Amino acid sequence: MSRNPQNREQFRPEGHESDHFLLTTVVGSYPKPKWLNRARDRFEDDDHSFGESEWAEATDDASRVITHEHERAGLDTVVDGEMRREEMVEFFAERIDGYEFNGPVKVWGHNYFDKPSVVEGVEYDEPWLVDEFEFVDDVAERPVKVPITGPYTLANWAFNEAYDDDEALAYDLADLVNEEVEKLVEAGARYIQIDEPALATTPDDHAIVGECLERIVSDIDEEVRIGLHVCYGDYSRVYPEVNEFPIDEIDVELANDEYKQIGVFADGNFQPDLALGVVDAHVADVESVEQIKENIQQGLKVVPPEKLTISPDCGLKLLPREAAYAKMENMVQAAREVEAELDAGEIDVPAVEDVAPADD
Amino acid sequence: MTDVVATTPGLYPLPDWAKDDLSNLKGHQKHDLIDGDEDAAVADAYGDVRAEFVADQRDAGLDRIVEGQGRWDDMLAHPLTVHDSVETGGIVRYYDNNNFYRDPRVVGDLHASGDVAAELSAAADLLADGDALQAVLPGPYTLADLASDEHYGDEAEFLDAVGDYLADEVDAFPAHETLFLLEPSYVTNAPDDDLNELASETIDRVAAATDADVVVQTYWEAFEETPYAHLMDADVDAVGFDFVAADRDTNLEYINELGTKADIALGLVDGQNTLVEDAETVAERVGWVHDQIPAQTFDTTYVTPNTETFYLPVNKHQAKLSVLAEAAAIAGDADAAETEVEA
């Protein structure tokens, strides 16, 4: 069962102009400033005097710049573009006891990934993201969303040397994610997104992901918004099962194939809020405001406006930074225009109109 | 008494220096991948990779030496993705893995290209007296399964053409002791009734192109009964079974019911997990498999990883080469001792 999607109201900005409110957000990652990549090269070069404190200053600066860039685009909730993270599994595996790294492995062509091995029971050591959250929360005027790689993906995108199966490993990791979420909430976080891209490649494991989520949200206040991001897969293989997930919102990538899969969700019984991808994260051409407005209306086939969140398809980190910014800016503009048109009654909401009341 | 032979199905992970050097020389994008016409700097780098692969296998003490297939950017689809009659399409998933290859779209007649023969000759030049060379190719059914046919227009005709093409490639190979035909598709996407006979017949055709011992290696899943029965009609020396990831009871059931070839290949070392097996344990598993097949003794038992090893970081790949060699030696000694006792 979905949790408490009404908790979205806390993110409505003060003085919001429309009665309708389409929550705008991002999935998380964002192109790094070129100077940050140069700084990393120096930091990783043993012959260079660029050390820990210089690197810390550089990442703080980047986090500040990108958080403000998200605010300038007008987003209702912001992320710092994951400036302190290089790769979505490696970052967490480095912080969780029980993982070790042996070297890069091939994904395709000359693209590699430092796939870690789980060599003993995983354990929580130091907080993973609390410092990052506190920094961004301090910098930001807007509420901050915290993306965390989900336990199913952390288990599946690693070599498992220590557990009988990946399911057992995923559950242990889910307990650690729960511990981290508790600490984030204690630090003030109100919007957490669990990223599970691995579910798209092995959709038959949706029940494992569901059980992981049960563990993650255990004892987490219902005012804390919990999202799930799943991208690049056949959604018909995980829906309607996701209706049973204990989440407030599911974030999906649908702009990429021009909403061919929107019908999967439009059965009139969609339970969580829908966070709809409305700009493509892997095409540098910037969608126009008009185009994005049409994309947003695809979401209204599934949910009414009060259950619709607006987001890019996926993390924007592979785009040129200018394109990433322009996409966010147009996305927010489009959402604000759709809100006004909804207020004026100029837009149809098929999700409401197509479902006849039960006593009709 | 069985001769226990330590070997691998090839497709090794590039050494880390080569990952860096070749990414810099070639680039990271789809159009940067191998097309069979690489420049001298790239060819030199692959020459160094090949020499390192051969040295690693010799150091480990393997009984067969493979070229290592460092150039196979598209894994088992490689022989087609470098072919003149093939255009490469989008990036597609490689079986049930987080790995991808370029879709080979066959747009013209397939004829021998000599690409694999050239690599194998280069590897042969690196061998010393007493080293035994092993050739590696995708089996015809697997290669056809990984490709898109936009030329022949008929599934059977296409498979038939891929069989002829691979046989012609093998014909150009330098002398080799063993040929491994890798056939994961034969079990993960088994031929249907219409193709069963032809799938086996094309394997037979490729095998007939060499005097070497031919092993048809399957992995990830167990056989289905009918395709297995048809494969028994192919004149090959051994079938390879995955005893790590596949359902071993099913494979053993067919082996015992329908028999298998005079030799056997056992995928006993996990090619997709960094946990390095204990050589004694692997040797015991060799004995265990022999015990499960009471009606048959084998002239040769090949001990191998279940899959290619490019999934692994280099240090674990190398450690597993040593485990294979050590395990085969222990299993061979144990078998000899048992034979002596029985005698």
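The following paragraphs lead the reader through a predicted model, beginning with its chains and ending with the contact between chain A and chain B.

Chain A contains 12 helices and 12 strands. Its C-alpha atoms fill a box of roughly 70 × 45 × 45 Å along the principal axes. For 360 residues, a compact globule would be expected to have a radius of gyration near 21 Å, and the 20 Å found for chain A agrees with this. Of the 360 residues in chain A, 49% are buried. The contacts within the chain also reach far along the sequence: when residues at least 6 apart in sequence are considered, 78% of the contacts in chain A join residues at least 24 apart.

Chain B may be described in the same terms. It has 12 helices and 11 strands, and its C-alpha trace spans about 60 × 45 × 35 Å along the principal axes. A compact globule of 343 residues would have a radius of gyration near 20 Å; the value for chain B is 19 Å, which agrees. Buried residues account for 51% of the 343 residues in chain B. Among contacts in chain B with a separation of 6 or more, 81% are between residues 24 or more positions apart.

The sheets come next. Strands of a sheet pair through backbone hydrogen bonds, and the pairing is either parallel or antiparallel. In chain A, an open sheet of three strands has the order 2-5-7, and its pairing is mixed. Strand 2 (97–101) and strand 7 (159–160) of chain A are the edge strands, each pairing on one side only. Strand 5 (residues 116–123) of chain A runs parallel to strand 7 of chain A, and two bridges join them. Within strand 7 of chain A, the residue opposite A:Val118 is A:Asn160. A helix also accompanies this part of the sheet: helix 6 (residues 166–186) of chain A lies across strand 5 and strand 7 of chain A, at about 60 degrees to strand 5.

Another pair of strands in chain A deserves attention. Strand 6 (residues 146–149) and strand 8 (residues 191–195) of chain A are paired in the parallel sense over four bridges. A:Val146 has A:Ile192 of strand 8 of chain A opposite it. Is strand 6 of chain A covered or uncovered on its two faces? Both faces are covered, for A:Val146 and A:Ile148 on one side are buried, as are A:Pro147 and A:Thr149 on the other.

Chain B likewise has an open sheet of three strands with mixed pairing, in the order 3-4-6. Strand 3 (86–93) and strand 6 (148–149) of chain B stand at the edges; each has a single partner strand, so one side of each is left without a neighbour in the sheet. Strand 3 of chain B pairs with strand 4 (residues 100–106) of chain B in the antiparallel sense, over six bridges. In this pairing, B:Ile91 has B:Arg102 in strand 4 of chain B as its bridge partner.

A single residue can show how burial is judged. A:Val217 is found in helix 8 (residues 206–217) of chain A. Why does A:Val217 count as buried? It has 23 C-beta neighbours inside 10 Å, and a residue is called buried if 20 or more lie within that distance. Apart from its neighbours within four places in sequence, A:Val217 is in contact with A:Arg3, A:Ile226 and A:Pro246. By contrast, A:Asn37 lies 180 residues from A:Val217 in sequence and 35 Å from it in space, C-alpha to C-alpha.

One stretch of chain A carries an annotation from a record. An unreviewed UniProt entry places the feature "coiled-coil region" at residues 321–348 of chain A. In the model, the chain over residues 321–348 of chain A is 82% helix and 0% strand, with its end C-alpha atoms 35 Å apart.

Finally, the two chains meet. The contact takes 17 residues from chain A and 25 residues from chain B. On the side of chain A that touches chain B, at least two residues each are supplied by strand 3 (105–108), strand 4 (111–113) and strand 7 of chain A. The largest share, four residues, comes from strand 3 of chain A. By character, the residues on this side of chain A divide into seven nonpolar, eight polar and two charged. Strand 7 of chain A, an edge strand of the sheet described above, thus also has a place in the contact with chain B.

Technical notes:
Residues numbered from 1 in each chain as written. Chains lettered and ligands numbered in written order. Predicted model: local features only at pLDDT ≥ 70, side-chain atom pairs only at ≥ 80, totals over all residues. Pairing = 2+ DSSP bridges. Contact = placed C-beta atoms within 7 Å. Axes fitted to C-alpha atoms, helices over the stretch in contact; angles between N-to-C directions. UniProt positions renumbered as here; feature names shortened; annotations may be inferred. Rg over C-alpha atoms; globule rule 2.2 N^0.38 Å. Buried ≥ 20, exposed ≤ 12 C-beta atoms within 10 Å, placed from the backbone. Nonpolar A, V, L, I, M, F, W, Y, C, P; charged D, E, K, R; others polar.
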